[in-house]
Amino acid sequence: MTAAGNPIAVITGASSGIGAATARTLAAAGYHVVVTARREDRIEALAAKLTAEGHRATAYALDVTDRAAVDAFAGALDTLAAETAETPETAETPGTPGGVLQVLVNNAGGALGADPVATGNPEDWRRMYETNVLGTLNLTQALLPALTASGDGTVVVLSSTAGHGTYEGGAGYVAAKHGAHVLAETLRLEIVGTPVRVIEIAPGMVKTDEFATTRFNGDTEKAASVYAGVAEPLTADDIADTITWAVTRPSHVNIDLMVVRPRAQASNTKVHREL
């Protein structure tokens with residue numbers, strides 16, 4: 001199933017990893033993707049590449065923790081939707097939802113540090129909460145009216161298996177991702193009966209270029225140790241495929257929660273390693 005017409009999908013944290021991969025898969029599925037992140041050069045390059053490949057893509061530099069900036073983005077998105085409301089494709093097929101915001105993928109987030117509770121850095125905890133939880137809250141609140149007005153909206157929350165089970169050294173990240181999980185679960189209860197689905201995707205071990213390196217403050221040796229001996233950790237493309245599959249189910253089908261792990265990972269603390 002691909003998108004009818006030219007509906008809009010917003011992806012946060014799209015400058016790399018899962019966000020960038022999701023932009024590519026949703027664009028291929030027929031969405032006009034609006035890619036956001038703080039690193040403007042990265043998203044501009046991604047949007048240009050997708051456009052060169054024949055897809056529709058727009059880049060918008062955004063810090064999801066800045067509520068004023070998020071509200072301004074929502075206004076700009078309304079303008080974009082109006083400008084693209086009638087395209088050659090939608091004009092040929094009356095009634096198709098071209099130019100309508102239909103999908104929000106809350107992907108912006110990340111982990112910082114792996115210290116125990118006794119010595120964890122409160123600033124890292126604060127930053128993780130602001131990005132993973134408040135960033136998701138900001139975008140969801142700002143775009144929910146348009147998603148509802150579309151008559152067929154979808155909110156995707158990228159949480160983590162960390163949001164469903166703790167592990168030593170992970171309390172700050174676990175707390176933040178649990179917050180994202182609870183936000184999705186509660187929102188689904190609160191808006192039942194409206195034409196908006198709430199999907200939570202909870203990835204396990206995913207090897208990307210930046211996640212572990214960022215977590216360990218640029219220490220590439222520590223970052224590599226996370227995946228040591230694991231034959232095939234998940235990739236950003238694996239999760240992007242999962243997100244796109246969930247989003248493109250028939251409108252009456254809601255994938256409430258999908259936990260996705262590599263075969264080598266049985267839990268957050270049980271991983272098969274060939275060392």
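Biologist: Where is Thr51 found?

Modeller: Bear in mind that this is a predicted model. Thr51 is 24 residues from Ala27 in sequence, and their C-alpha atoms sit 9.5 Å apart in space. As for its own element, Thr51 belongs to residues 40-52, which form helix 2.

Biologist: And is Thr51 buried, partly exposed or exposed?

Modeller: Buried would need a relative accessible area under 20%, and exposed would need over 50%. Thr51 has 43%, so the label that fits is partly exposed.

Biologist: What about Asn217, is that one buried or exposed?

Modeller: Asn217 sits in the loop between helix 7 (211-215) and helix 8 (220-226). Its relative accessible area is 75%, and the cut-off for the upper class is over 50%. So Asn217 counts as exposed.

Biologist: What is the phi of Asn217?

Modeller: Asn217 is not a glycine, yet its phi is positive. The loop it occupies runs between helix 7 and helix 8. The phi value is about 55 degrees.

Biologist: Let's go to Thr12. Which backbone nitrogen lies 2.9 Å from a polar atom of its side chain?

Modeller: Thr12 is in the loop between strand 1 (8-11) and helix 1 (17-28). With a relative accessible area of 2%, Thr12 is buried. Leaving out residues up to four places away in sequence, Thr12 touches several residues, including Val105, Asn106, Asn107 and Ala108. The backbone nitrogen in question, 2.9 Å from the side chain's polar atom, is that of Asn107.

Biologist: Ala108 came up there. Where does it lie?

Modeller: Ala108 is buried, since its relative accessible area is 16% and the limit is under 20%. Beyond four places in sequence, Ala108 is in contact with Thr12, Gly13, Val64, Thr131 and Asn132. Its place in the chain is the loop between strand 4 (101-106) and helix 5.

Biologist: How far apart in space are Ala108 and Asn6?

Modeller: In sequence, 102 residues separate Ala108 from Asn6. Going from C-alpha to C-alpha, the distance in space is 24 Å.

Biologist: Helix 5 then. Which backbone oxygen lies 2.9 Å from a polar atom of the Asn138 side chain?

Modeller: Asn138 is part of helix 5, residues 122-149, and is buried at a relative accessible area of 8%. Setting aside residues up to four places away, Asn138 touches Val64, Thr65, Asp66, Arg67 and Val70. The oxygen 2.9 Å from its side-chain polar atom belongs to Val64.

Biologist: Stepping back, what radius of gyration does the chain have?

Modeller: The C-alpha atoms fill a box of roughly 60 × 35 × 35 Å along the principal axes. For 275 residues, a compact globule would come out near 19 Å, so the chain agrees with that figure at 18 Å.

Biologist: And what share of the contacts at least 6 apart in sequence join residues at least 24 apart?

Modeller: The chain has nine helices and seven strands, and buried residues make up 48% of its 275 residues. Among contacts between residues at least 6 apart in sequence, the share joining residues at least 24 apart is 72%.

Biologist: Last one: how far apart are the mean positions of the positive and negative charges?

Modeller: The accessible surface is about 12700 Å², with 53% of that belonging to carbon and sulfur atoms. The chain carries 20 positive and 31 negative charges, and their mean positions are separated by 6 Å.

Key. Residues numbered from 1 in each chain as written. Predicted model: local features only at pLDDT ≥ 70, side-chain atom pairs only at ≥ 80, totals over all residues. Heavy atoms only, no water. Helix = DSSP H or I, 4+ residues; strand = E, 2+ residues; numbered from the N terminus. Buried < 20%, exposed > 50% of the residue type's maximum accessible area, 1.4 Å probe, protein only. Polar contact = N/O pair within 3.5 Å; in protein donor to acceptor, adjacent residues only side chain to side chain. Contact = heavy atoms within 4.5 Å. Rg over C-alpha atoms; globule rule 2.2 N^0.38 Å. Areas by Shrake-Rupley, 256 points an atom, 1.4 Å probe, with all protein chains shown as cover. Lys, Arg positive; Asp, Glu negative; His and termini not counted. Charge placed at Lys NZ, Arg CZ, Asp CG, Glu CD.
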